[in-house]
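This report covers a ligand shell, a nonpolar core and a helix pair, in that order. The sequence and structure come before the description.

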Amino acid sequence: MTGIVVENATRNFAGQQVLKGVSLAVAAGEFVALVGPSGCGKSTLMRLIAGIDRPDSGRILINGRDVTTLRPAARDVAMVFQSYALYPHLTVAENIAVPLAMRRMSAAQRLPLLGRFWPGSQARRRGIREEVGSAALALGLGSLLDRRPAQLSGGQRQRVALARAIVRHPAAFLMDEPLSNLDAALRVHTRREIVEIHRRAGAATLYVTHDQAEALTMADRVAVMQAGQILQVASPRAIYADPDDLRVATFIGSPR
Ligand code: ADP
Ligand code: MG
């Protein structure tokens, strides 16, 4: 199948089974919100899919290809996490261009690149600039391309991180509480932008949130996780109106 497939993934840390055989599928074009109490294993699962970590057993497939042991850059996924991890010494345009500029480069070539930017032939540079320009436009960053991260607001920085994800045209977007550092008004606005990005890309999106309003309004389906297991995956309507597990009902019903 296309999109993200996790098959029976387990992960232990110091004898504690943090993922107890998790299976989950997110189809191409589908937006799945992953919710569950703090510490239940959401970020651990995201790291396995992104390739930052590996499962002890089980498999990860992206568009039908087994990527379980591949490094992150070889997986056709883009990640946006809560902390924006922009390069402080690069401009907005350069930050967005990083994944493109680093394509087809060895590790030895990458290091000096971060000091002296815009690599390759003139044609390649022009191509990268065009990609960066259209991603920046999509996120309202067109007038900020020459600024550095320190000169941006939190919301603008997170938009740079989103732009850096979309220039890769990945098969899958992985977002781990990307809006939790933003204030309430900006969160609502950025939600819409993220859904729009997802739709335009036709990607499989897995989106971790602790904000139930986000899960309800953004997702095609909601996956509820608890203690290293996925309890239920269903439409927001079914999850919220008709939970099929007492633990789901308790989690959804509890004030946060
Ligand atoms: P969530 O994102 O749902 O809040 P996490 O996936 O971050 O939860 O963490 C799940 C559990 O795994 C927690 O008990 C956490 O302490 C533990 N854990 C996660 N990563 C590590 C690690 N690298 N080493 C040890 N324990 C970890
Ligand atoms: Mg987490």
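Ligand 1 is surrounded by F13, A14, V18, G36, S38, G39, C40, G41, K42, S43 and T44, each with its C-beta atom, placed from the backbone, within 6 Å of the ligand. Helix 1 (residues 42-50) gives the most to this shell, three residues; helices here are DSSP runs of H or I with at least four residues, numbered from the N terminus.

The model is predicted: local features need pLDDT of at least 70 and side-chain atom pairs pLDDT 80 or more, while totals for chains, interfaces and linings use all residues. Residues are numbered from 1 along each chain as its sequence is written, and chains are lettered from A and ligands numbered from 1 in the order in which they are written.

The largest nonpolar core (buried Ala, Val, Leu, Ile, Met, Phe, Trp, Tyr and Cys joined through C-beta atoms within 7 Å; buried means 20 or more other C-beta atoms within 10 Å) has 69 residues, of which I49, L174 and Y207 touch the most other members. Helix 5 (residues 154-166) gives the most to this core, with six residues. Beyond four places in sequence, L174 is in contact (C-beta atoms within 7 Å) with M46, I49, A50, V77, M79 and L206.

Helix 5 also pairs with helix 2 (residues 92-101): their axes, lines fitted to C-alpha atoms over the stretch in contact, come within 7 Å and cross at roughly 35°. The crossing is right-handed, the near helix being turned clockwise from the far one by less than a right angle.

| Helix | Residues in the contact |
|---|---|
| Helix 2 | V92, N95, I96, V98, P99 |
| Helix 5 | V160, A163, R164 |

By class, this contact has six nonpolar, one polar and one charged residues.

Definitions and conventions
A residue is buried if 20 or more other C-beta atoms lie within 10 Å of its own, exposed if 12 or fewer, and partly exposed in between; C-beta atoms are placed from the backbone. Helices (H or I, at least four residues) and strands (E, at least two) are DSSP runs, numbered from the N terminus. Two residues are in contact if their C-beta atoms, placed from the backbone, lie within 7 Å. Axes are lines fitted to C-alpha atoms, for helices over the stretch in contact, and angles run from 0 to 180 degrees between N-to-C directions. Ala, Val, Leu, Ile, Met, Phe, Trp, Tyr, Cys and Pro count as nonpolar, Asp, Glu, Lys and Arg as charged, and the others, Gly among them, as polar.
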